[in-house]
Every structure is written in structure tokens, then in C-alpha cells.
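Here is a short set of exercises to work through with the viewer open. Try each task yourself before you read the solution.

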Amino acid sequence: MATTKQLSDFLVSIERRAYKQALFASRDEEAALDIVQDSMMKLVARYGDRPEEELPLLFQRILQNCIRDHFRRSKIRNLWSTLLSAFGPREDDDHDPLENVGDDRPGYWAKTPEDQLDQHQTLKIIEAEISKLPPRQREAFLMRYWEDMNVAETAAAMGCSEGSVKTHCSRATHTLAAALEKKGIKP
């Protein structure tokens, strides 16, 4: 079993290389720092009692999983941003909805004041519809898509099975899509 000092020394020795690896993968300094920090915390919390010689391989596996998780969360975030906020209600009938679709870069936000206003208004409508969801659906939806928790974490936090989380999220998504479509917000 690795001592606290050995674990600490290992983390110090690996931090720069891990940061570079995460930076090359994510191309975002803040995301890379978060990925490395999450990886280190997971190593200490879950595998701190392992022998010192196992730490490098365990850490690499955790780091790669955290990088994949980052991209999954980004994909979900971008999907919801595109689906729910890209198509705001317009007054002009000649509007091409494809002009408003956000690009794939993390942190994308509308560039013109008109687009920003449309997105702001659409987000207000979405927030109002989310608040109307049944409590368990709202809880599951927000944990999964706004808090970026995985199914297992959400199930543990809600005190239910992973299948229930998936069911609640599916129902919430369908309910939101139908409600938004009635308000003229279509993907």
C-alpha cells in the first residue's frame, strides 16, 4: 500500500504530464485543469490504498476516462444548447433556422445582440418548462444534463435504480420537447 507521502509524490511527479495530455486532448486550459484535478481526486479517493507500483497505470486509466467524460458532457451540453436554444421564436417569416445553429466549439454563444436576445428568451421559456416537470423528472434531468452527473451518480444521489434515472430523464426530455414545440421552439 502506498503511503500518503508516496501518493503525494506520485501526484506531484505526474501533474505536468497529465495536464499536457489533457490539454492536447481538450484544447482548453480550464477543462484540462479540471480533468487533471478530477483524475487526481478519483485516484486518491478510490485507489489511494493500492501499492505504489500500480498508481501510474491506474492514474492513466482514470485520466483517459475523465477526458472521455469531458467530451461526453460537452457533446450533451452542445446537443441541448443546439436543440433547445438555437431556434428561438422569430417575428420574420423568412428566417432560416439553420442560420442560428451554434457551432461545435465549447463555450459557443450567439455573436449578434439579436441572437443573444433570442437565446436569452428561449432559455427563459426552457427554464419555465423545466420548473413544471414532476419533481423526480426535474431532479433526474437537471442532475444528468445540467450538473453533468452520470447515470450511476444520479441514481445514488436520488436513491433509486439506474433504470429509474433513465426513465425519468427520457420522460422529462419528451415532455420538454413537446412543451417547447407547442411554444414554437423546434429543433
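**Exercise 1. Find out how the side chains of Lys5 and Asp9 meet, and where the two residues sit.**

Solution. Start with the contact itself: the side chains of Lys5 and Asp9 meet in a salt bridge, at 3.1 Å from N to O. Keep in mind that this is a predicted model. Next, look at the spacing: Lys5 and Asp9 are four residues apart in helix α1, so about one helical turn separates them. Last, check the cover. Lys5 counts as exposed, because its relative accessibility of 57% is over the 50% cut-off. Asp9, at 39%, counts as partly exposed.

**Exercise 2. Work out which residues are linked with Glu129 in a network of salt bridges.**

Solution. A search of the whole structure turns up five salt bridges. In one of them Glu129 pairs with Lys183, with the closest N and O atoms 3.7 Å apart. Glu129 lies in helix α4 (residues 113-132) and Lys183 in the segment after α7 (162-182), so this pair ties together parts that are 54 residues apart in sequence. Now add Lys132: Glu129, Lys132 and Lys183 are linked in a network. As for cover, Glu129 is buried, with a relative accessible area of 8%, while Lys183 is partly exposed at 44%.

For another salt bridge, go to Arg50 and Glu54, whose side chains meet at 3.2 Å, N to O. Arg50 has a relative accessibility of 33% and counts as partly exposed; Glu54, at 31%, is partly exposed too.

**Exercise 3. Classify the aromatic pair of Phe10 and Phe59, and say which parts of the chain it ties together.**

Solution. The structure holds two aromatic pairs. For Phe10 and Phe59, the centres are 6.1 Å apart and the planes make an angle of 80°. Angles over 60 degrees count as edge-to-face, so that is the class of this pair. Phe10 belongs to helix α1 (residues 4-26) and Phe59 to helix α3 (residues 55-85), so the pair ties together parts that are 49 residues apart in sequence. Both rings belong to buried residues: Phe10 has a relative accessibility of 11%, and Phe59 has 0%.

**Exercise 4. Locate the largest nonpolar core and the helices that supply it.**

Solution. A rule of thumb first: in soluble globular proteins, nonpolar side chains tend to be buried together. Here the largest nonpolar core has 20 residues, and Phe10, Leu43, Phe59 and Leu63 have the most contacts inside it. Helices α1, α2 (29-47) and α3 each supply at least two residues of this core. Zoom in on Leu63: leaving aside neighbours within four places in sequence, Leu63 is in contact with Ala18, Gln21, Ile35, Val36 and Ser39. Apart from that core lies another, of 16 residues, among them Tyr145, Val151, Val165 and Cys169. Tyr145 has a further partner: the charged end of Arg144 sits over its ring, 5.7 Å from the centre.

**Exercise 5. Decide whether Arg27 is buried or exposed, and describe its phi.**

Solution. Place Arg27 first: it lies in the loop between α1 and α2. At 74% relative accessibility, Arg27 counts as exposed. Its phi is near 60°, a positive value in a residue other than glycine.

**Exercise 6. Sum up the whole chain: how many helices and strands does it have, and what share is buried?**

Solution. Count the elements: seven helices and zero strands. Then take the cover: of the 187 residues, 33% count as buried. Finally, among contacts with a separation of 6 or more, 59% come from residues 24 or more positions apart.

Note on methods
Residues numbered from 1 in each chain as written. Predicted model: local features only at pLDDT ≥ 70, side-chain atom pairs only at ≥ 80, totals over all residues. Heavy atoms only, no water. Phe/Tyr/Trp six-rings, centres within 6.5 Å; stacked < 30°, edge-to-face > 60°. Buried < 20%, exposed > 50% of the residue type's maximum accessible area, 1.4 Å probe, protein only. Lys NZ or Arg CZ within 6 Å of the ring centre and 35° of its normal. Contact = heavy atoms within 4.5 Å. Core = buried A, V, L, I, M, F, W, Y, C linked by side-chain atoms within 4.5 Å. Salt bridge = Lys/Arg side-chain N within 4 Å of Asp/Glu carboxyl O.
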